[in-house]
Amino acid sequence: MASSPPLPKKNSEYREAQYWDERYRHALDTAPYEWFGDFEAFRDLLEPELQREDRILVLGCGNSALSYELLCGGFPNVVSVDYSPVVVAAMRDRYARVPVLRWETMDARALSFPNSTFDVVLEKGTLDALLAGERDPWTVSPEGIQTVDEVLSEVSRVLTPQGRFISLTAAAPHFRVRHYAQPDYGWSLRHASYGSGFHFHFYLMHKGRELSPAQQALGARLHAPPSPPPSPCFLQDSDKEDFLSAIEL
């Protein structure tokens with residue numbers, strides 16, 4: 001069995017297809033790697049949102065067993081895409097005995113599917129990888145905001161009018177909700193968490209429904225100009241303790 005590839009020298013490499021090509025060079029010979037838990041970890045959250053006849057798209061599938069586990073769970077119409085042709089080829093070989101599963105090389109930011117193709121789009125860690133390398137999770141760069149918007153716009157486009165987008169991530173609501181809560185995508189938003197010890201996050205977006213006013217307000221803040229830094233407060237030498245009132249705790 002091939003040894004695991006080294007981690008990237010810097011987190012921004014997680015955004016590059018070349019890194020994943022190298023990482024998955026021996027994917028056929030290695031066990032599936034499951035970001036943020038395997039199917040059983042979030043099954044109780046996921047299965048109630050799915051119907052047997054759903055057409056499901058898995059974004060950034062990597063060498064995860066999720067697509068196969070969905071099939072085994074009774075959801076036979078699953079298409080999986082990844083922008084690494086190396087891992088797509090490996091997954092086609094691994095599941096060659098299961099021709100009903102489809103694997104395609106495709107960038108989540110530019111899907112080639114027609115509008116309203118899928119009832120469900122599911123991603124697990126794909127957005128996290130595309131945002132890797134951001135220096136400040138509280139203030140995402142314009143490039144990071146644009147990247148996420150490109151993916152979510154494509155997700156909204158390929159979903160049916162009543163379709164669902166499900167995102168599994170390490171990103172807590174105060175980091176991720178503002179990205180999902182954009183009225184242009186035409187969906188509602190619900191959050192749950194799963195896992196023991198360290199918790200991961202499950203976001204459900206439902207097309208044809210509306211965001212709450214609070215969610216819309218959070219979404220609007222994503223595009224607001226950054227607030228200027230507060231003016232420095234120079235404390236004066238004094239025998240009195242009035243300067244304590246100037247310290248912002």
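This tour moves from the whole chain to two helices, a buried aspartate and two loop residues of a predicted model.

**Whole chain.** Begin with everything displayed: the chain has 8 helices and 7 strands, and buried residues make up 46% of its 249 residues. Of the contacts with a separation of 6 or more, 69% are between residues 24 or more positions apart. If you switch on the surface, the chain exposes about 13600 Å², of which carbon and sulfur atoms supply 53%.

**Helix α2.** Next select residues 39-46, which form helix α2, and show the side chains of Phe-39, Phe-42 and Leu-46, which are buried. These three lie on the same side of α2, because they cover an arc of only 100 degrees around the axis. In general, an α-helix has 3.6 residues a turn, so residues three or four places apart point the same way. Turn the view to the face directed away from the buried side, and you will find the exposed residues Glu-40 and Asp-44. To see what the buried residues of α2 pack against, add α3 (66-72) together with the strands β4 (118-124), β5 (159-169), β6 (187-194) and β7 (200-207).

**The loop before α2.** Now select Phe-36, which is found in the loop between α1 (17-23) and α2. Although Phe-36 is not a glycine, its phi is positive, at about 60 degrees. Most residues other than glycine have a negative phi. With a relative accessibility of 13%, Phe-36 counts as buried.

**Ser-116.** A second residue to select for its backbone is Ser-116, in the loop between β3 (102-105) and β4; its phi is positive too, near 55 degrees, in a residue other than glycine. Ser-116 is partly exposed, its relative accessible area being 34%.

**Asp-82.** Move to strand β2 (residues 78-82), where Asp-82 is found. Is Asp-82 buried or exposed? Its relative accessible area is 6%, and Asp-82 is therefore buried, the cut-off for that class being under 20%. Leaving aside neighbours within four places in sequence, display the residues in contact with Asp-82, namely Gly-60, Cys-61, Gly-62, Val-87, Val-88, Glu-104, Thr-105 and Met-106.

**Helices α7 and α8.** Finish by selecting α7 (residues 173-180) and α8 (residues 213-222), which pack at an angle of about 90 degrees with their axes 7 Å apart. The two helices, α7 and α8, are therefore roughly perpendicular to each other. On the α7 side the contact is made by Val-177, Arg-178 and His-179, and on the α8 side by Leu-218, Gly-219 and Leu-222. Coloured by class, this contact of α7 with α8 has 3 nonpolar, 2 polar and 1 charged residues.

Conventions:
Residues numbered from 1 in each chain as written. Predicted model: local features only at pLDDT ≥ 70, side-chain atom pairs only at ≥ 80, totals over all residues. Heavy atoms only, no water. Buried < 20%, exposed > 50% of the residue type's maximum accessible area, 1.4 Å probe, protein only. Helix = DSSP H or I, 4+ residues; strand = E, 2+ residues; numbered from the N terminus. Arc of directions from axis to C-beta. Contact = heavy atoms within 4.5 Å. Axes fitted to C-alpha atoms, helices over the stretch in contact; angles between N-to-C directions. Parallel < 35°, antiparallel > 145°, perpendicular 65-115°, else oblique. Nonpolar A, V, L, I, M, F, W, Y, C, P; charged D, E, K, R; others polar. Areas by Shrake-Rupley, 256 points an atom, 1.4 Å probe, with all protein chains shown as cover.
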